[in-house]
Structure formats: C-alpha cells, structure tokens
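Work through the exercises below with the sequence and the coordinates open side by side. Each task is followed by a solution that goes step by step.

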2 protein chains.
Amino acid sequence: MLDDRKAAILRAVVEEYIETAQPVGSQHVARARGVQASSATIRNEMSVLERDGYLVQPHTSAGRIPTDKGYRFFVDSLQSWGAGQLNAGQRAEVKSFFTRAHGELEHMLSETSQLLSRLTDHTAVVIAPPHEAATIRSVQVVGLGGRTALVVAVLSNGTVEKRTLELALHEDGEPVGAGVVAAASTRLAGHLTGRPVGQLGVAPATGEAAVDHLLGESMAALAGGHSEEAGSVFVGGASRMANAFDAVATVRQVLGILEEQFVVVTLLRDLLDRGLTVAIGADEHGLTPLAECSVVVAPVRGGNGEGGTIGILGPTRMNYPQALAAVAVVSQRLGRRMEEG
Amino acid sequence: MLDDRKAAILRAVVEEYIETAQPVGSQHVARARGVQASSATIRNEMSVLERDGYLVQPHTSAGRIPTDKGYRFFVDSLQSWGAGQLNAGQRAEVKSFFTRAHGELEHMLSETSQLLSRLTDHTAVVIAPPHEAATIRSVQVVGLGGRTALVVAVLSNGTVEKRTLELALHEDGEPVGAGVVAAASTRLAGHLTGRPVGQLGVAPATGEAAVDHLLGESMAALAGGHSEEAGSVFVGGASRMANAFDAVATVRQVLGILEEQFVVVTLLRDLLDRGLTVAIGADEHGLTPLAECSVVVAPVRGGNGEGGTIGILGPTRMNYPQALAAVAVVSQRLGRRMEEG
DNA sequence: CCTGGCACTCGGTAGGCTCGACTGCCAACC
DNA sequence: GGTTGGCAGTCGAGCCTACCGAGTGCCAGG
C-alpha cells in the first residue's frame, strides 16, 4: 500500500510529532536517519501522503502532522516492526510494585491504575474481572435492626457482594423477626454455596411463607447485579489529562466522559470484543467527545477463564510504543498476580 | 470594623466579581443599588479598602478584585445577613433525589456527591461516616481455596469490611484445613458479634495452636483498619474543576490533590474540627496547591452520634450563598436519610 | 465630608513590519 | 523516470506602534 520510503517518512513524521508536538517539515525528516533522500524528494512524497490522507498541514507553509489514519498506519507497522520496551527504571518499578502488592483485590487494582498512569504519564483505567464465573464461598442474610437487612456473599475470587433488602412487615406492623432471617440465611447458604454467580438456580421452598418470601427477595437481589459496574472501575491519574491538552475545554470534556463509568466500561469491552488493542480517534472508538484521544487496551487473563481489562486514555499523539509496552507488561503481571490468588 | 458604606461597597464588589469574573470599577459599584454615593466617593473608599487588604488591583487603572480577606468578610457578613436559598428547580431536584434514593450506602453517597456537584456546579466530596461507633452484626472467616482466606464483617450501619489473610502452612507444606478455619470463624463470631468496631478486645484462646494463630491474625487484620479511607471518599463532578480556571496548570494541580484521598479526608476533618464552614484560600485551609480554591464543608449527623462529611471545592470566587445553601440542605437531608437506615 | 472634573496610567486590540520555516514547482542531472 | 538543488511564494509568530477605553488619583468647590 505504501512503498518503503513513504512508510519510513510517515514513521519519521509521527515519531517527531509525538516527541515535539510541532508540525514537522521536510528538512527534519531529511535529517532523520533511516530516510535517505533530499528534502525536495521528501516534500514530493509528503504531498502524496497528504493527498492519501495520512498527513495534514495545519496551514500552508507549515509542516505536517499525522491524521488518525497516519497514526493507524504507524501503530500497525509497529507490530511487525518490533514493539517498544520499557526502560530499566520503569521495569524496576513494575517489578517492585508486584512483589509489594498484596491485600484486597480492589485496593490492588486501584493501585495498579495509578502505576499504569505513572508509567505512561496518561490516564489509566482498570476494570475488575466480571465474577460471572466465580463461585459463592459463603452467603448469609444479616438483619441490621429496623426494617433493613443485608445479603452478603463472599466469592471465590475474593470479592464480596452485598445487597440491601427491606424486610417485609407482619400484619401487626413489626418487621419479621430474627428467627425468620436466620432460617432464610441458612437455607440460602445451603442452596448457593459452591454455585457460580452466573447460575443461581432457584432456592427450594421451606413451606414457611415469611421465610420463603425473604428467600425469594434475597435471590432476586443477588441476581440483579446492578452494583457490578459501580465498584469495579478504577481510574488512575485523571489529573494527567490536563497535561495532554492545552485547551481547557477539551480537558473538561474528557474528564466528563471518565466520570461516566458505564461509558468507560462499555468502551473498553467493545474494543476488546472487536479485537482491537489501539483505538485512534472518534472514528475508531466512536466517542465524539474523545475525538482527540486514543485508547490502548489489553485483557487481563488470570488463571481460570476470563479476567479483567486495563487500558490507558491519552491524546492521539501519545507515545504508542511505550504505551503498548506498559499496558502489555502490566496486564501480563497483573494476570499472573491474580492467578496466585 | 468596617463602616456600613465600606461594607456595602465591599459586598457589591464581591458579588459583581463572583458573577462576572472581571475586575470591578467604581462606576459599576455606584450603579449598584444599595450603595448611595458617587463614583468618586466610592473610589476613595475603595482605596481605603485596598490599603486595609480587602481588595487588590491586578494593575493600575484596572478595577479591583477581592482578596481572600475580602471574601472572608463577605462570607462572615452573610451569616447574619440571611443565607442564600436554592431556587425552586434545585429544591425539587434535591427532594426527588432523596425520595428516589435507596439501596447500598456507598452507592447513595456516590450519587449524593454528584447531586451536590450538579447543584453548585463545583466539585463535591462526600465522606462516609467513620464506623468506630458501629457494632459488628456478623463476622466470619472464609477460606478461598489456596493459601488465602477472607475475614468479612457486617456492621450495623450497613457497611461490610473485609480483610485478606495468608493462611499459615503446616510442616508438610499444606495450608491449614477447613476445620481450623471454621473453628476460628465461629470463635470469632462468638467473641465479636455485638461489639463496637472501635473496641474489639481480645479473643479468648481455644487452646488449639493453629486456631488461635488464625484467630489472632484475623483480629489484627480487623483492627488495622487501613482500608477505611480507601472506599469511603466519593468525589463527584471533578470535571467541573476545568470550568473554574482557565489556566490548565491550575486544573492539573487541583485534580492532583483530589486524587490523594487521604489529603482530602484530612482537609475536611480538619476544617470541621476547627469549627469552620468555609475555608478561603491557602491561608485558611493550608494547602498551597489549592491557593485559588475555597472549601465549603458541613457535617452529616445521622441518628446515633457522629456522621459523615460533605463539602465542595471551588475557586475562591465561587457563589458562596448558593454553595452554603446547597451544602446545608444536602447535609441535612442526607443525615435524615441515614437515620432511617 | 462629598462630589464633579481632569489628567494620567495601563491593558487590550488592531495594524504594519520583519523574520523564518515551510511548501510547490521547475529545470537540471543521474 | 526518479531524484535533486534552487527559487519564489505563503503564512504564522513575534515585535513594535498607535489608539481606545476603563478606571484611578487627586484637587478644588460646594
């Protein structure tokens, strides 16, 4: 599609622009090693690259900057060309992080998002694994005094799910008693322990109306997992977004999107489903407010089946080789870490 | 300290500057109702106000803008002067929010931070109540397979605390068995159920070494509550920070602070301890990166004893009457809501 | 003590100028 | 034909100047 020289020139332009954020002219490219041609030749080639949509000039008599298509070519050529590496300091940081890491899953994921953000100097997103596949280790119903009760389930992957219930009232206006709650709790435990969260089945009735009612409500609460999205997204280094753009309006827009966790989750999932690792600009990821942004994602595969997702969000002129390397390394080590438990 | 006319002029300057973000000149003040004097007189008064540190001019021949001291006077005079009101639409929004609100505590607090942010158009912070006073309703130790186990405690205020443990190894290299875990779990439950989280006491020994060891570790894990800060801070509308300043560097700094939850929690707690409702500028809140920011806080008092904290963070030239009104209303209604359970 | 008037200051905007970094094109060359 | 050096043309950035207007400080008169 692009002959070798055009490809080399395009690569040079992208690399220079990523580094300097300034439009790059033919002379700069001519000086770059790897391109053996005079500036005039390069001018000719660049004008073709522009006609084909890989480059644009902000105005006549300025250098050129890559279009989203240009970045796309660069990223694609990168894969075969040899991926980037983290420098020694960064590798040490990752290593020390994962040997140090311990404790709650949520805490670790949150810290991981900050690590990834530090490594890339962009905003990072970490999404916890869905626990469809996890099995229930323990479940109970706990009355909190008053009319409310809590259904608490401990899952095999170390997460805890909880749902609030309103206790039904007796005819006399008093909430159902501790005995009923305890009965429902043991019944629930008997039925659910060991089951995967995705297939709760139906709890067998006890015959006692109040208990069965509570049992049904508990099952329904556990099944309706709308709290899933809520606690499972970790955004690290959002403030770094402010470095990436100098228009405050752009920063505002991007931060606004980051606050909508649902959108972020959907975005990353969608990219993985489409088999993409990098999405450049609105055409590829589909979010107009993020028109000037690219997304780099990777799945996190733990031991058993599906894992979580990590990604970074930055300006389209981000350092792709480094971003890809960072995301790859972190996803791999995080996966291994989660495998261990 | 300030005669009536100076006070009126200062108020007028503050109000105008809050609205327009432009330095305000003597003529504007003269036109404002509530100040009966010619622009020349006002000029004289303003020059005194400047000498006394309430106003500054960005440069000669420009209008004046309030200093932090000026804002302080404005806010103080506000209290006696009659606090601001939310408009009808906003009051309706608050009302509908709290009738709609239900479900998990954390989810509700997170939504509340977004509500408060919408009302004030600034960034809002909500801190969950500390659960020193809450009592333990249920506690158990759950093995997760492998070497890890989880201590899970359900508290009377509806929160769930969990801690990860590494199971000790037998001499043969196998982790301690399910029997030991179960024994420790029932023992722990027997000892802790009904106790306030602040005073765990010491669990009585069983005599069996493996069980006692696990018991000790569980107690230690529960006592070392370092996860408290982690899940208990909710920041809403951080993107609105980008509207408040037009220097992208300022936005960056403020967002950076917001990411350090510990700093935010300490800040709000500190202000409440000092009995402050409003802290204006670095002199009052002590954080240099937030030099151009003010903080408005209010405690949230639920039924029993100490509650959480809510607050907003915005530029020093925020609309104080509205901010105070919004924080007051939300804190009050949130407190009532939490009382109900 | 207040007020109107006047001189002065200074930031912001617009126009004109130069400088420099580009490009596009063309003629010459390999 | 592809490549190259040279040259004219373009346009933004930076700088200077002039001008306008908002606003102040001061003063003399009521």
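The exercises take up a DNA-facing surface, a sheet with its helices, and a pair of packed helices.

This is a predicted model, in which local features need pLDDT of at least 70 and side-chain atom pairs count only at pLDDT 80 or more, while totals for chains, interfaces and linings use all residues. Residues are numbered from 1 along each chain as its sequence is written, and chains are lettered from A and ligands numbered from 1 in the order in which they are written.

**Exercise 1.** Determine which residues come nearest to DNA strand C, and which helices supply the surface near that strand.

*Solution.* Begin with the residues that are near the strand, that is, with a C-beta atom, placed from the backbone, within 6 Å of it. There are 20 residues around DNA strand C, of which A:G25, A:S26, B:S38, B:A40 and B:S61 come nearest. Next, assign them to helices, which are DSSP runs of H or I with at least four residues, numbered from the N terminus, as are strands (E, at least two). At least two residues each are supplied by helix 2 (26-31) and helix 3 (39-51) of chain A and by helix 3 (39-51) of chain B, and helix 3 of chain A gives the largest share, 4 residues. Finally, sort by class, with Ala, Val, Leu, Ile, Met, Phe, Trp, Tyr, Cys and Pro as nonpolar, Asp, Glu, Lys and Arg as charged, and the others, Gly among them, as polar: the surface has 13 polar, 5 nonpolar and 2 charged residues.

**Exercise 2.** Establish the strand order of the open sheet of 5 strands in chain B, and identify its edge strands.

*Solution.* Taking two strands as paired if DSSP finds at least two bridges between them, one reads the order 7-3-10-9-8, with antiparallel pairing. The edges are strand 7 (233-236) and strand 8 (278-280) of chain B, each of which pairs on one side only. At one edge, strand 3 (residues 123-127) of chain B is joined to strand 7 of chain B by 4 bridges, and B:I127 has B:V233 as its bridge partner in strand 7.

**Exercise 3.** Describe how helix 7 (residues 178-192) and helix 8 (residues 209-223) of chain A cross.

*Solution.* With axes fitted as lines to C-alpha atoms over the stretch in contact, and angles between N-to-C directions running from 0 to 180 degrees, the two axes come within 9 Å and cross at roughly 55°. Helix 7 of chain A is therefore oblique to helix 8 of chain A, given that angles under 35 degrees count as roughly parallel, over 145 as roughly antiparallel, 65 to 115 as roughly perpendicular and the rest as oblique.
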